[in-house]
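These are my notebook entries on one protein chain. I set out to look up some single residues, one helix, and the spaces within the fold.

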Amino acid sequence: MMAAQALALLRDVSRLEAPLEELRALQSVLQAVPLSELREHAAELRLSSLFSLLSENHREQTTLCVSILERLLQALEPVHVARNFRVDLQRGLTHPNDSVKILTLSQVGRIVENSDAVTEVLNNPELLKQVIYCIGGDNLSVAKAAIKSLSRISLTQAGLEALFESNLLDDLKTVMKTNDIVRYRVYELIVEISSVSPESLNFCSTSGLVTQLLRELTGEDVLVRATCIEMVTSMAYTHHGRQYLAQEGVIDQISNIIIGADSDPFSSFYLPGFVKFFGNLAIMDSPQQICERFPVFVEKVFEMTESQDPTMIGVAVDTIGILGSNIEGKQVLQKTGTRFERLLKRIGYQAKNASTELKIRCLDAVSSILYLPPEQQTDDLLRMTESWFSSLYRDPLELFRGISNQPFPELHCGALKVFTSWIKLFFEKQATWDLKIMFSIIRINTLKRFLFLFCCYYISFENKL
């Protein structure tokens, strides 16, 4: 019934020159029609009049048409949309209204995610060209949608060839020249594509865009460095990406820049990102190998904990948490001896006195380095992490009790994470501890969860006896 009413209103819209009232009514009716019912009437949907109304300079009319088309197009198969609205899609990508562009890009996204429909886009270079130029617009949502569609297209060999072995590559390079922001958007796209497979990375490398990104990373502009290192870190998330960066000497270059950072008064702009890069590299490969090959990384992390800059301290604390999240990383930290004990005291100090945001990061790092999976809880490792806990503060229990009494839920959860790790260690060692102190550390909003954890661990402990 409602679908029939919607179809009747759609016919009225196609007959009238100024169908504003009909559009309002149609939008209202469509909200009540299930998508499944619309799909049953897909063959009767005539949308050309709605697309035509988009070309008129009428804000409310455009808004209504976008809303209606968004609903009706979902009822049509992507192949049908690609074949029957080819010209309308191209026009939509150049429309002055960003909502029309977003609508169009959402349909392009549906098409490229459909294996039967994607060839329609690949065989339409003009449409792809307009998608590329959407990256250069002022609206971030439009740019993100364009990047997503192009990234999805590049998942196939045919898509990689269409983007990198045609004039579209020139269009991509032209768009990059718009401004710095747009250039970084294109780098974001290239990194996303290159992360898919070694073959994808090869296409991106051959295009010269990866080389350009790496050249900017190691250039003299410190602000550009700070932006580029985030993208290069994303490249390092994959094994083939790390291999490429190593073969190109990029990892060594980043290490050398860290070495020279002491003489650079502007190093605070990029140094946090460079340290994060090595932290991620260590945990994805081998903490021991990375720390031994690039000792400046560990040295810089320890230095940063002594900094007066909260940003530097935060990155150092995060990195310690990353390194200490697995056994190999814990052993690397332990090898630094008393120096690591002093670092733990600094973390304990920051957990007590720093800003709320930095306190939370300290708590996350502490819970990470204290945690030991059951299968790795040897006597030596248990003694090691117990000594770390003791090094944090003269009375660690009192420290975390005080933190949990502060009126911030995030701190309560952070303190709970620390004690969760601590409880596991001490149950494994069959340690005795003061229940009164332990229960006093948790405020009302986390008491139930803590009691549940306590009961679970107590039962587990009893079963071992």
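**Entry 1: threonine 104**

I began with threonine 104, which I found in helix H8, spanning residues 98-112. I noted that the model is a predicted one.

Is threonine 104 buried or exposed? Its relative accessibility is 5%, so I recorded threonine 104 as buried, the cut-off being under 20%.

I then looked for a polar partner of its side chain. A polar atom of the threonine 104 side chain lies 2.8 Å from the backbone oxygen of valine 100. In general, residues three or four places apart in an α-helix point the same way, because there are 3.6 residues to a turn.

Which residues does threonine 104 touch, if those up to four places away in sequence are not counted? I listed Leu89, Gly92 and Leu93.

**Entry 2: the cavity**

Leu89 appeared again when I turned to enclosed spaces, as one of the residues that line the largest cavity. I found 1 cavity of 30 Å³ or more in the structure. Its volume is about 40 Å³.

The lining of this cavity consists of Ala82, Arg86, Leu89, Ile111, Glu120, Val121, Asn124 and Leu127. Helix H7 (86-93) and helix H9 (118-122) are the elements that each give two or more residues to this lining. By character, I recorded 5 nonpolar, 1 polar and 2 charged residues in the lining of the largest cavity.

**Entry 3: serine 367**

Next I looked up serine 367, which belongs to helix H26, residues 356-370. Its relative accessible area is 7%, and serine 367 is therefore buried.

Which backbone oxygen does the side chain of serine 367 reach? The partner is the backbone oxygen of aspartate 364, at 2.8 Å. Setting aside neighbours within four places in sequence, I found serine 367 in contact with Lys417, Val418 and Ser421.

**Entry 4: serine 36 and proline 198**

I then examined two residues that did not fall in the buried class. Serine 36 sits in helix H3, residues 35-40. Serine 36 counts as partly exposed because its relative accessibility is 47%, the class for exposed residues being over 50%. From serine 36 to threonine 119 I read a separation of 83 residues in sequence and of 26 Å in space, C-alpha to C-alpha.

Proline 198 is in helix H15, residues 198-206. With a relative accessibility of 55%, proline 198 counts as exposed. How many residues lie between the positions of proline 198 and threonine 238 along the chain, and what separates their C-alpha atoms? They are 40 residues apart along the chain, and the C-alpha atoms are separated by 9.5 Å.

**Entry 5: helix H20**

I next followed one helix from end to end. Helix H20 covers residues 271-284, 14 residues in total. From its first C-alpha to its last, H20 reaches 20 Å, close to the 20 Å expected at 1.5 Å a residue.

Why is H20 described as largely enclosed by the rest of the structure? The reason is that 11 of its 14 residues are buried. Among the buried residues of H20 I noted Pro272, Gly273 and Leu281, since I intended to look for these names in the pockets.

**Entry 6: the largest pocket**

I found that the largest pocket has a volume of about 270 Å³. It has 16 lining residues, and those nearest its centre are Glu230, Thr233, Pro272, Gly273 and Lys276. At least two lining residues come from each of helix H17 (222-235), H20 and helix H23 (310-323). Which helix gives the largest share of the lining of the largest pocket? H17 does, with 5 residues. I divided the lining into 8 nonpolar, 5 polar and 3 charged residues.

**Entry 7: the second largest pocket**

My last entry concerns the second largest pocket, of about 210 Å³. Its lining is made up of His239, Arg242, Gln243, Ala246, Ile251, Leu281, Asp285, Gln289, Ile290, Arg293 and Phe294. Helix H18 (239-247) and helix H21 (287-293) each supply at least two of the lining residues, and the largest share, 4 residues, comes from H18. This lining divides into 5 nonpolar, 3 polar and 3 charged residues. Leu281, named in this lining, is also one of the buried residues of H20.

Technical notes:
Residues are numbered from 1 along each chain as its sequence is written. This is a predicted model: local features need pLDDT of at least 70, side-chain atom pairs count only at pLDDT 80 or more; totals for chains, interfaces and linings use all residues. Side-chain values use heavy atoms; hydrogens and water are left out. The expected span of a helix is 1.5 Å times one less than its number of residues. Buried means under 20% relative accessible area, exposed over 50%, partly exposed in between (1.4 Å probe, protein chains only). On a 1 Å grid over the protein atoms alone, a cavity is a set of points where a 1.4 Å probe fits but cannot get out, and a pocket is an open set with protein on both sides within 12 Å along at least five of seven lines; lining residues have an atom within 4 Å of a point. Grid points are joined across faces, edges and corners, and a volume is the space filled by probe spheres set on the points. Ala, Val, Leu, Ile, Met, Phe, Trp, Tyr, Cys and Pro count as nonpolar, Asp, Glu, Lys and Arg as charged, and the others, Gly among them, as polar. A polar contact is a pair of N or O atoms within 3.5 Å; within protein, one must be able to donate a hydrogen and the other to accept it, and residues adjacent in sequence count only if both atoms are side-chain atoms. Contact means heavy atoms within 4.5 Å.
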